[in-house]
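Okay, thanks for coming, everyone. I'd like to walk you through a structure you haven't met yet, so let me put it on the screen.

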Amino acid sequence: MPRAGLNQQIVVREAARLADEVGLDQLTLAALAGRLGVALPSLYKHVKGADALTRKLAALATAELADVLTSAAAGRAGEDALRAVAAAYRDYARRHPGRYVAAQRAPDAGDPDHVAAAGRAVGAIYAILRGYGLDGDDAVDATRVLRSALHGFLALEAAGGFGLPRDVDRSYDRLVAGLDVAFRSWPRED
């Protein structure tokens, strides 16, 4: 019998908190069971194993990130929207480092919640890119450029990879400004 009050949603949310504290790569079922005050086998009543937990955590994190991006973009267009979304993306990654890493996982086609969350996140980006006149294949490419640039910066920042004597916030601002220029002058396919 599962512990009273414990369900999959509670397990996944606690896993998210733990991943933010220790890192996604250090999240274990044993640590999570200890945190929840249950025996390890009890977790299997709520998640089918470590990979299933990671998939559920990825879906949760992607949904949270989609909410953050959608909220940041609301009522904005062009560079203003791009800057707001880039700031919100960075803030989410800093506040939720374990969840942020989990959100980088592509959704499993068999997980409708994760697929829907990913669609909302991409939809927020597509909305910004439409303001630059980008759609179709150009929007796909530009979305990948945006995600790669922001993620690359954030991964280096989190790893302590910026040692030069220059304000990192200013560098991030310059990255976003460069993306704005790139999107405004995007080479169109014939």
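So, how much of this chain is buried? Buried residues make up 42% of the 190 residues in the protein chain, where buried means under 20% relative accessible area, with exposed over 50% and partly exposed in between, using a 1.4 Å probe and protein chains only.

Before I go on, a word on what you're looking at: this is a predicted model, where local features need pLDDT of at least 70 and side-chain atom pairs count only at pLDDT 80 or more, while totals for chains, interfaces and linings use all residues. Residues are numbered from 1 along each chain as its sequence is written, and side-chain values use heavy atoms, with hydrogens and water left out.

Now the overall picture. The protein chain has nine helices and zero strands; helices here are DSSP runs of H or I with at least four residues, strands are runs of E with at least two, and both are numbered from the N terminus. The C-alpha atoms fill a box of roughly 60 × 40 × 30 Å along the principal axes. Of the contacts with a separation of 6 or more, 69% are between residues 24 or more positions apart, a contact being heavy atoms within 4.5 Å.

What does the UniProt record add? Its unreviewed entry places "domain: HTH tetR-type" at residues 5-65, and a "DNA-binding region" at residues 28-47. Bear in mind that UniProt positions are in the numbering used here, feature names are shortened, and annotations may be inferred rather than shown by experiment. In the model, residues 5-65 are 70% helix and 0% strand, with the end C-alpha atoms 27 Å apart. For residues 28-47, helix comes to 60% and strand to 0%, and the end C-alpha atoms are 12 Å apart.

Let's zoom in on one residue, Arg 90, which is found in helix α5, residues 78-95. Is Arg 90 buried or exposed? Arg 90 counts as buried because its relative accessibility is 7%.

And which side chains does Arg 90 pair up with? One polar contact, of 2.6 Å, joins its side chain to that of Glu 157; another, at 2.9 Å, goes to the side chain of Asp 169. A polar contact is a pair of N or O atoms within 3.5 Å; within protein, one must be able to donate a hydrogen and the other to accept it, and residues adjacent in sequence count only if both atoms are side-chain atoms. Leaving out residues up to four places away in sequence, Arg 90 also touches others, including Phe 153, Leu 154 and Tyr 172.
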